[in-house]
Amino acid sequence: MNLLHTALEPMRTLAAALGPSPAFELKGRVALITGGGDGIGMALARELRAGGMRLALIDIDDGKVAMAATELGGETLGIAADVRDRAAMAVHVQRVTEHFGRLDLVIANAGVAPAPVTVRTISPEEFDRIVDVNLTGVLNTVKPAIETIIENRGHIVLVASCAAFMPGMGMAPYMVSKAGVEQLGRALRIELAPHGASAGVAYFGFVQTEFARPLDEDELARKFDAHIPYLLRRRISPEFAATQVIEGITRRAGAVITPGIWTPIAWMRGMIAGPTDRYLTGDPWIHSMIRAIERRHAGETAAAARHLREAQ
């Protein structure tokens, strides 16, 4: 019997690791959401508020976050802040914890996207801006909250994107930042597990928000979009995205991928990455689009130089 018990112990350990975690109850708990002034962040806030949570919203737009806090009611704290400001984010997380007496859920949702641009033509400053908001801003949000999340056996959601596992031509800084968020979230989930807390990564396809409007209005971005199969480029609403994330939160999911058409692509990414890259590397249409992006950049650079000369 002792021998059998010893032989079965690794299987019990694996079953415990793979088994269901305790559900995350919303009612009476406190959530902090960055990018909470509109879009997915605001949709999440409405759903969590309806579920009985008290909320802190952080957004760089002070007008939007104030309006959101007013709409959601007196149990909501609105804070205007830039997630790139590490010191300020640490202060705000502490403020939220002290204001409500606890913090149980953090959703790092704030992000930005550039217009189509190549690595050849993007300015280093713009590349840094995208990565600073989308990746470093996530760290600045999560890091000061970890101790209280562990104390309350809470949960953290890092909002990545299906862009994390797709080729990044014309959008490299965005894809790079979201791939980084994915890896940060996967590491965090494993690191929090021994402490009874959890983390997960949310992956979205195309969500119809103000965030996406500049890309929707960009001529070259629309051409790229039209070249993507319809089921992959189909827009979902912020409200649908929010319901999927919250369902994942309640079961402490390690990953939430929506719409579902992206799930098999995420699973098979290792198998399809090589063939996809080889195809796109030799695709004449992709070549023409890259040249079009670079020509536009050259035209914008020339126009800026002309305006500078005229101003002088």
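Biologist: Where is P259 found?

Modeller: P259 is found in the loop between β9 (255–258) and α12 (262–267). Helices here are DSSP runs of H or I with at least four residues, strands are runs of E with at least two, and both are numbered from the N terminus. This is a predicted model, in which local features need pLDDT of at least 70, side-chain atom pairs count only at pLDDT 80 or more, and totals for chains, interfaces and linings use all residues. Residues are numbered from 1 along each chain as its sequence is written, and side-chain values use heavy atoms, with hydrogens and water left out.

Biologist: Is the peptide bond from T258 to P259 cis or trans?

Modeller: The bond from T258 to P259 is cis, with omega near 0°. Most peptide bonds are trans, and most residues other than glycine have a negative phi.

Biologist: Which residue has a positive phi of about 55° although it is not a glycine?

Modeller: That is R252, found in the loop between α11 and β9. R153, in the loop between α6 and β5, also has a positive phi, near 50°.

Biologist: Is R252 buried or exposed?

Modeller: R252 has a relative accessible area of 7% and is therefore buried. Buried means under 20% relative accessible area, exposed over 50%, and partly exposed in between, with a 1.4 Å probe and protein chains only.

Biologist: And I236, buried or exposed?

Modeller: I236 counts as buried at 5% relative accessibility. I236 lies in strand β8 (residues 235–236). The C-alpha atoms of I236 and T258 are 8.5 Å apart, with the two positions 22 residues apart in sequence numbering.

Biologist: Back to the α6–β5 loop. What is N152 in contact with, leaving aside its neighbours within four places in sequence?

Modeller: N152 is in contact with R29, R102, L103 and D104, where contact means heavy atoms within 4.5 Å. N152 is in the loop between α6 (146–151) and β5 (155–159) and is buried, with a relative accessible area of 15%. The C-alpha atom of N152 is also separated by 7.8 Å from that of A197, 45 residues away along the chain.

Biologist: Changing topic: at what angle do α2 and α11 pack?

Modeller: Helix α2 (residues 39–50) and helix α11 (residues 238–250) pack at about 55°, with their axes 8 Å apart. Axes are lines fitted to C-alpha atoms, for helices over the stretch in contact, and angles run from 0 to 180 degrees between N-to-C directions. The two helices are therefore oblique to each other; angles under 35 degrees count as roughly parallel, over 145 as roughly antiparallel, 65 to 115 as roughly perpendicular and the rest as oblique.

Biologist: Which residues of α2 and α11 make the contact?

Modeller: G39, I40, A43, L44, R46, E47 and L48 of α2 meet P238, E239, A242, T243, V245 and I246 of α11.

Biologist: How do α2 and α3 compare with the parallel and oblique classes?

Modeller: The axes of α2 and helix α3 (residues 62–72) come within 11 Å and cross at roughly 20°, which makes α2 roughly parallel to α3. Here M42, A45, R46 and R49 in α2 meet A68, E71 and L72 in α3.

Biologist: And overall, how many helices and strands does the chain have?

Modeller: The chain has 14 helices and nine strands. Of its 312 residues, 44% count as buried.
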